[in-house]
Every structure is written in structure tokens, then in C-alpha cells.
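Q: I'd like a close look at one part of this model: a sheet and the helices packed on it. Walk me through it piece by piece, please.

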Amino acid sequence: MYRLLIADDEALEREGLEHLIHRMLPGRFQIAFADNGRRAIEQAEDFRPHIIMMDINMPGIQGLQAIREIKSRLPDTRFILVTAYDFFAYAKEAVSLGVKEYIVKPAGREQISSILNQLIDELEREKSKRTEELHLRDKVSQLQPLVENELSLLLMVDQVLDADEEKLSDWLSFPLDKGCAVVVAFPKQIYTLDKKKLYETFRSFAKTYGISCIVSSLIDLHMAIFIRNDTRDHAWKNDIKMFGEKLCRLAERQFRLPITVGIGSVQSGADGWRKSYFEAVFASDVDRHVGEVRDFEDVVQGTGSTVAASTTAPASSGEHSDPVDQRSYVISALQRIREQREQQTINVMDKAKQYIGLHFTEELSLEETAEHVHLNPHYFSKVFKQQVGATFIDYLTGLRIEKAKQLISSADELALKEVCFEVGYKDPNYFSRVFKRVTGLTPTEYRSQAK
């Protein structure tokens, strides 16, 4: 139901229009009234009408003045100008105010009905358009974290995805021109927490902090935040350190978690951001200074804790290490960390394959397997395909079909329906289709050939 305001100083006109509209367009309008321009403005603010039928000549504030005032506050309201005289000057000014409809008293019922129906159609089209736009915005808002995670993964691990960093950064309006990575390292006790809530809390904080950033998903014991330096402020890095300190306090306050925050150097381009990420990983691991913010550049320069604290650095002949030697050591340490992470990924995939091997005849999902190895399902899916060479579902299907072939060929002569259930399928017809897609033969044909 639409809201209609009738502004006219003549009571008979107001009542006549109300009666006519309810009769011609039953159930379409909720109607309010105003007997002068001032009351029309007040009623418009309270009633917020979709359509206003405004008489030009009223005591006090005139109709056009009232339209001008209401239009400034309710720009989407439609106006129908009503007058007893056909004055061109009025019409000209009304057009300048965006009034498209003009009725000269006494107006016929067909004219009024036609104009109102026309405005209803306009309102319906606009409502439909707004609904579509909101639906699209909602879809985009749901996709944004996924796209951010895709780009983050590209900047974190080489060749995990086939996507193009530049395309993703353009879609997100997040140029990879200049910025740094921040890594939040969590203790193992996060495995007992609601990881979705943990991720959403940290992402929401980063997004509302006033920085331009993208946030990765929670990957095992850490998450990455890539922050653009869109200022020329030389103290920008200090602001990032302050951001890291607030992340530490947030973790302690919300989850009682002692975290370490590592900050990489300011870089540009996909390779530069990736380098900053590994620096941040290194800084977050150095000494495991729980509750502290560790800037990689400070660690290298020795103003943070020394690099040698976590492992033995090469000795220097002088009182202080040569900066070049120290940097070379740090780079080699970064490489070792990266190799360790890659080995950890391989170990995790072995653990996942072992779990699938034990449960492939049951109702097994990617999400359940990812949960078992403490990885985000989206990240697990991408890394699984890279490491194993097949998607999760293809790998699972392969195990099931191999088992089915063994059972079909066995001397026990199990019914094909029994084979279907034994290997984890609930629908024999679906099992038959999958079996033929993989082997090129139906189960019956395969059994015939196996004899």
C-alpha cells in the first residue's frame, strides 16, 4: 500500500478526492490530509508520502513553496500539481521542481486514476530496481571475503591458485602499489575456539579500523592482513604498529588469546607484497614473544629482539654483525621458514589422505576433512588439488571406484546394490553413472568382463 498526501485548503475537494481514489483504486493508498502549505510540510515529514497531490493556491505557504521545501527533504516523492487555473507560469516553475503531473480542477475521475496508476507503475519499477540492486550488493558483499582470501592466498603462497593478482586487485579496488603485510600468529589453543567467530572478529576490526586492507582466512595458526599505504605520512609504519598492538589487546580481551603480530617491510607489486608477507611470518615467529608486535625491519636492525635469539646466526669478526651478512642470514632464515611451511603443508595433506582412506566409504565431506586437519575448507581445497593433483571429490571418487572394482571382481559375488552401499554411495543409479564415467563400463559390464 502506498502513502498519498492530499494538500488542499478546501475540505470538499479533499473528501471528494479521497472518495474517488478509494473507489477507483481500492486498497492501493493510505491517505493523509493537509489544509495549507505549512501543514503539508509537517505532514510530509511525519507521513513520508510516496505521492503528494498539492493545490497551488492555499493560505500561507503556497503550493510551489511547499513542494520546494518537501522536495529538499524527500527527493523521491512524486508530486501532482492541482489548481483551478491553467497558468503556464505555474506549470513552468513546477517542471523546474521536477513535477511531471498537472491537474486542472475539476479533474475527471479517469484522468486522476490514470495519473495515479502511472505513478504507481513508476514506483513499482523503482522498487524492483532497488531490490535488484540490494540483492546484487548483498551478493557482492558475500563474495568480497572470498575474493579477498583468493588474493591473499596468491600473495602468501606461490602457484596455489591460477587466478591473476591484478584482476583480483582490480575487482577489489585494491591496487598492489605500496603497502605491507601483517601476520597474526595464534597459539594452538585456538583449536578449541569457534574459528569462524575468531576470523569474523579480526576481519571486522581490520575493516573498521580506517585502513585499506584485505584479510585472509584463518589458516592453521595464523592469518594475514595486507594493508595499503595510501598516505604520504612518514609515520605510517608507526600507525601499523599501533594497529598491531590493538590486535593483541583485542585477542586478549575477546578470546583470552596471547598472540604475536609480525609486520613486513613496505613493498609494491605482487612479488613485493609476497616478500613482505614472508618477512611478517618470520617476525611473528622470532622468539615467540607472546603479546608483542614484531617489525621485521626492527628485527633485522637489532632494535627488536636479535635474530640470533631463535637460532644461531653466523659469528662476526667485529663487535657488531655486518648488516649485509645479517640481512643475508635473515633471507636464508626466511627461506628455511618457507621450506618448513611447505613441508608442513605436505604433512597436512598426508594426514588428510590418511583420514580420507579410513572414511571414504562413509558420508565424507570436504569440510569435515578440512576440519580434521585444522584448515579453512576453501584453502584446503586449493592446496589439496595442488599437492595431490586431483580435486577432493575426484580423489574420493577414485578410492570408491577402486574399492567397487575389487568387490565386483571378488569371488563373493556381492549384488551390485550391495557394492554400491559398501563403497559409500546411497543411490545405485548414481553409483552406476559414476562407475561408468570413471571406468567406461557399467558395473554389470565390468562384472561380465571380469569373469
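A: Here goes: the strands come next, then the helices, then another sheet to set beside them.

Bear in mind that this is a predicted model, where local features need pLDDT of at least 70, side-chain atom pairs count only at pLDDT 80 or more, and totals for chains, interfaces and linings use all residues. Residues are numbered from 1 along each chain as its sequence is written, and side-chain values use heavy atoms, with hydrogens and water left out.

The sheet is open, with five strands (DSSP E runs of at least two residues, numbered from the N terminus) in the order β7-β8-β6-β9-β10, and its pairing (at least two DSSP bridges between two strands) is mixed. At the edges you find β7 (213-215) and β10 (293-295), each with a single partner strand, so one side of each has no neighbour in the sheet. On average, neighbouring strands are turned by 20° against each other, direction ignored.

Zoom in on one edge: β9 (260-263) and β10 run parallel and are joined by three bridges. Isoleucine 263 has aspartate 295 of β10 as its bridge partner. Helix α9 (269-285) packs on this sheet, touching β6, β8, β9 and β10 (contact means heavy atoms within 4.5 Å). The direction of α9 makes about 35° with that of β6, where helices are DSSP H or I runs of at least four residues and angles run from 0 to 180 degrees between N-to-C directions of axes fitted to C-alpha atoms, for helices over the stretch in contact.

Helix α8 lies across β6 (179-185), β8 (222-228), β9 and β10, at about 20° to β6. Residues 236-255 make up α8, and its axis comes within 11 Å of that of α7 (195-207), crossing at roughly 145°. On the α7 side, Lys197, Leu198, Thr201, Phe202, Phe205 and Ala206 take part; their counterparts in α8 include Phe243, Leu247, Leu250 and Phe255. By class, this contact has nine nonpolar residues (Ala, Val, Leu, Ile, Met, Phe, Trp, Tyr, Cys, Pro), two charged (Asp, Glu, Lys, Arg) and two polar (the others, Gly among them).

Now set another sheet beside it: five strands, open, ordered β2-β1-β3-β4-β5 with parallel pairing. Here β2 (29-34) and β5 (101-104) are the edge strands, each with a single partner. Six bridges link β1 (2-7) to β2, and tyrosine 2 stands opposite phenylalanine 29. Helix α1 (11-24) lies across β1, β2 and β3 (51-55), at about 175° to β2, while α3 (63-73) lies across β3 and β4 (78-83), at about 155° to β3.
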